[in-house]
Amino acid sequence: MNRQYADLVAPSPRHHRSHGPLVPVGHPAGHPAHPAPAYGAPRAGALHVLVVENDPRAADPLLQGLARHGYATHGATTGAQALRGHREADLVLLDLDLPDLDGLEVCRGIRAVSDLPIIALAARGSELDCVLCLQAGSDDYLVKPYGFRELLARMEAVLRRVRVRPADQPADQPAAGRVVAHGPLRIDPGARTAVLDGRPLDLTRKEFDLLHLLASQPGTVIPRRQIMAQVWDDAWSPRGRTVDTHVGTLRGKLGSSAWIVTVRGVGFRIGSP
């Protein structure tokens with residue numbers, strides 16, 4: 001038993017509360033999430049932590065320990081689940097070794113649309129790994145195996161920095177999504193509106209999500225698999241022509257193919273016509 005699991009046995013008196021539920025955030029066909037035991041309902045206003053970890057042996061005690069310390073906890077086993085489940089979370093613990101997407105891609109994808117605190121959990125501990133992770137948008141970086149009490153301390157420090165309410169205070173309304181401005185293009189994710197040169201664009205839900213994803217990361221090439229995971233909630237299905245079809249339609253509505261640049265063999269990025 002390593003230090004990470006041993007520390008789960010004795011909860012801190014300061015945070016001792018009823019257990020939170022362990023609920024997987026969906027799973028793609030053929031890749032079921034590990035079953036989670038049922039716990040009592042978390043305390044009203046408890047912070048919601050999304051634990052992204054593909055190994056049940058690491059995820060189960062971690063979820064249980066966090067619930068024991070008063071957090072509402074949910075688990076995800078893939079990058080696609082993380083890109084869906086982060087929308088309801090107050091903090092994400094992100095394992096970088098995921099079966100479908102690179103953990104750094106997932107980190108960048110969350111950071112592009114949210115200021116949500118992210119703590120990366122990785123088996124690699126080199127200086128370069130840490131730098132790449134922080135550059136991808138994580139707020140902190142922990143190398144496995146780590147001590148559970150150290151994790152709690154780092155979570156509290158990150159939450160203090162971003163001024164998230166403590167776990168024993170009532171929840172506030174979620175912050176509105178950040179408006180993205182890219183030249184004459186303006187995207188408001190809260191109102192789900194896109195305006196180009198002062199003219200509203202008539203976009204379908206998937207077209208809006210795709211345009212918002214690309215415009216949120218100017219200069220970054222978004223891989224096809226990440227687009228499928230973040231827009232279509234599916235990183236496992238064959239790529240087909242789904243993304244290309246929506247890109248073609250978007251280019252037509254934007255009035256220029258230069259708005260979305262194809263990077264062969266990789267994906268797409270927002271352009272500047």
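These exercises work through a sheet, a helix and some cysteines in a predicted model.

**Exercise 1.** Find the order of the strands in the open sheet, and name its edge strands.

*Solution.* Start with the count: 4 strands make up the sheet. Read across it, and the order is β7-β8-β9-β10. The pairing is antiparallel. Now look for strands that pair on one side only. These are β7, residues 180-182, and β10, residues 199-200.

**Exercise 2.** Describe how β7 is joined to β8.

*Solution.* Locate β8 at residues 185-188. Count the bridges between β7 and β8: there are 3. The two strands run antiparallel. Then pick one residue, Val-180: opposite Val-180 stands Ile-187 of β8.

**Exercise 3.** State which strands helix α7 lies across, and give its angle to β8.

*Solution.* Helix α7 spans residues 205-215. It lies across β7, β8 and β9, the last being residues 193-196. Against β8, helix α7 runs at about 115°.

**Exercise 4.** Count the disulfides, then explain why Cys-107 and Cys-130 form none.

*Solution.* The count is 0. A disulfide covalently links the sulfur atoms of two cysteines. The cut-off is a sulfur pair within 2.5 Å. Take Cys-107 first. Its closest cysteine sulfur is in Cys-133, at 5.4 Å, so the gap is too far for a bond. Next, Cys-130. Its closest cysteine sulfur is also in Cys-133, at 7.0 Å, so this too is too far for a bond.

**Exercise 5.** Classify Cys-107 and Cys-130 as buried, partly exposed or exposed.

*Solution.* Buried means under 20% relative accessible area. Cys-107 has 0% relative accessibility, so it counts as buried. Cys-130 has 24%, so it counts as partly exposed.

Notes. Residues numbered from 1 in each chain as written. Predicted model: local features only at pLDDT ≥ 70, side-chain atom pairs only at ≥ 80, totals over all residues. Heavy atoms only, no water. Pairing = 2+ DSSP bridges. Contact = heavy atoms within 4.5 Å. Axes fitted to C-alpha atoms, helices over the stretch in contact; angles between N-to-C directions. Buried < 20%, exposed > 50% of the residue type's maximum accessible area, 1.4 Å probe, protein only.
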